[in-house]
Amino acid sequence: MLDPSLLKNDIDNTAEALVSRGYNLDVDAFKALEGRRKEQQTLTESLQAMRNARSKEIGRAKAEGEDIQPLLEEVAGLSDKIKQAEAALNQILVELEDLQSAIPNLPHESVPLGKSEDDNLEIRRWGESKPNPFKPKDHVDLGQKLGLIDFDLGAKLTGSRFVVMKGAVAQLHRALIQFMLDLHTDDHGYTEVNVPYLVNSESLYGTGQLPKFEIDLFAVNSDPQYYLIPTAEVPVTNFVRNTIVDESDLPLQMVAHTPCFRSEAGSYGKDTRGMIRQHQFEKVELVQIVKPENSYDALERLTGHAEKVLQLLELPYRVVVLCTGDMGFGAAKTYDIEVWLPGQERYREISSCSNLEAFQARRMAARWRNPESGKPELVHTLNGSALAVGRTLVAVVENYQQEDGTITIPDVLRKYMGNKKIIK
RNA sequence: GGAGAGGUGGCUGAGUGGUCGAAAGCGGCGGUCUUGAAAACCGUUGAACCUCGCGGUUCCCAGGGUUCGAAUCCCUGCCUCUCCGCCA
């Protein structure tokens, strides 16, 4: 949600800034609706004020033993009028809310202009893909040859875009999770949290998935309706929904490992091969709740925390800053980290680190008390994958493959795998 | 699943249907005192929205209802706690 005062007082500039990310705000419709709101609110509140004053008078008159009948007659019908006015106002407020909750965040000034991922800007690379003396296989072939990654079984149990990992690959998957959690808690100062995988619609509204992106979610047939989380960002960021955080508790830095569930509506035929795009995958997610003045420093650090995982795994990667047209709905600025996949001979997204500024905080009413103003003010929220576990596993398998199809286990993971050195 | 109790400001906790946005205490902030601190004392201290301002509106878990008027009465839902049953 954008600052409503931007829409009320500076809507033309705001609309222009939104165009850069491909969103066309209907300025005239908004202005008209906002005008109606103002008018109806003034009317409603003056009727309410009248009722309050008269009711007080009646109370006083009754206490003094006066005849209140004339006063009662005077307010007859007022109550109905107020109800009508309130209903009309609520109708307008709902329309305004619908409109406002569908508007994406404004991009930060440092974000490059662009229309699609082709306009994203690479800002650094780390590591080099080892020149292979043999033609590298992709993780599907490798996994099948080892008999440890079974897509057919996943499809039998559930359907397409599900997978079963077995034996040492399942163990590698678990080792990656533990390695990442230990790194972020021990070295980067995050608090590990374990959270629900089902959330309510309020939480999804708070982080921006609802109401606009319901189609991307899996819903559970429950009453009230619950949804499977598409990312740990949802439950963890919502820790601070409707709360005023103590200044001394900021920044909040939390790390969670969860499964993530995505319907992948609209990506039919995309990445159908392999584990890159699954309906269910696991992720280690970083979330920070910070003072506004610190949020861009925090974004750099958070991105660095995600990069550190790849560095320790010695996986080559690059960092790109997303252009205005390619950013997610709530993001003001996003860095994607892309890992080198020899099987595809290209970099693929393995992490996305975003500063949402006050966009989610406003939807969530997540605030802190600023001692300078003495007032509650909105916090800034950030999140980033560190990392997507399934894709990291793919990267390890493909980058550490040997000519005979076996996989060397990265040094930092061996202690989590009984000091095993190789998967064969 | 059965029986009961309860949800009020940062926290604890009062609140006969009518100056209640709400007593009191704690905490926070400011001050007096003190070499400094503590203690004591005095004052102050919820949020959102409308308005240049005066001021106004809304909010006592949520949503409905009764009433001229609801924190207070009624209905529904959600959540918490206690006891019983079941259960990983």
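The following questions and answers concern R391 and the surface near RNA strand B in a predicted model.

Q: Why is R391 said to have no salt bridge?
A: A salt bridge requires a side-chain nitrogen of Lys or Arg within 4 Å of a carboxyl oxygen of Asp or Glu. The nearest side chain of opposite charge to R391, that of E349, is 4.6 Å away, so the criterion is not met and the buried R391 has no salt bridge.

Q: What makes the pairing of R391 with I276 a polar contact?
A: A polar atom of the R391 side chain lies 2.9 Å from the backbone oxygen of I276. The cut-off is 3.5 Å, and therefore the pair qualifies as a polar contact. R391 itself is placed in helix 13, residues 389-399. Beyond its neighbours within four places in sequence, R391 is in contact with I276, R277, E349 and I350.

Q: How do you know that Q48 makes a polar contact with RNA strand B?
A: An N or O atom in the Q48 side chain is 2.7 Å from a sugar or linking oxygen of RNA strand B. This value falls within 3.5 Å, so the pair counts as a polar contact. Two or more residues of the surface near this strand come from each of helix 3, helix 4, helix 5 and strand 14, with helix 3 giving the largest share, 12 residues.

Q: Why is the pair formed by K83 and a phosphate oxygen of RNA strand B called a polar contact?
A: A polar side-chain atom of K83 lies 3.4 Å from that phosphate oxygen, which is within 3.5 Å, and the pair therefore qualifies. For N52, the corresponding value to a phosphate oxygen is 3.1 Å.

Key: Residues numbered from 1 in each chain as written. Chains lettered and ligands numbered in written order. Predicted model: local features only at pLDDT ≥ 70, side-chain atom pairs only at ≥ 80, totals over all residues. Heavy atoms only, no water. Helix = DSSP H or I, 4+ residues; strand = E, 2+ residues; numbered from the N terminus. Buried < 20%, exposed > 50% of the residue type's maximum accessible area, 1.4 Å probe, protein only. Lys, Arg positive; Asp, Glu negative; His and termini not counted. Polar contact = N/O pair within 3.5 Å; in protein donor to acceptor, adjacent residues only side chain to side chain. Contact = heavy atoms within 4.5 Å.
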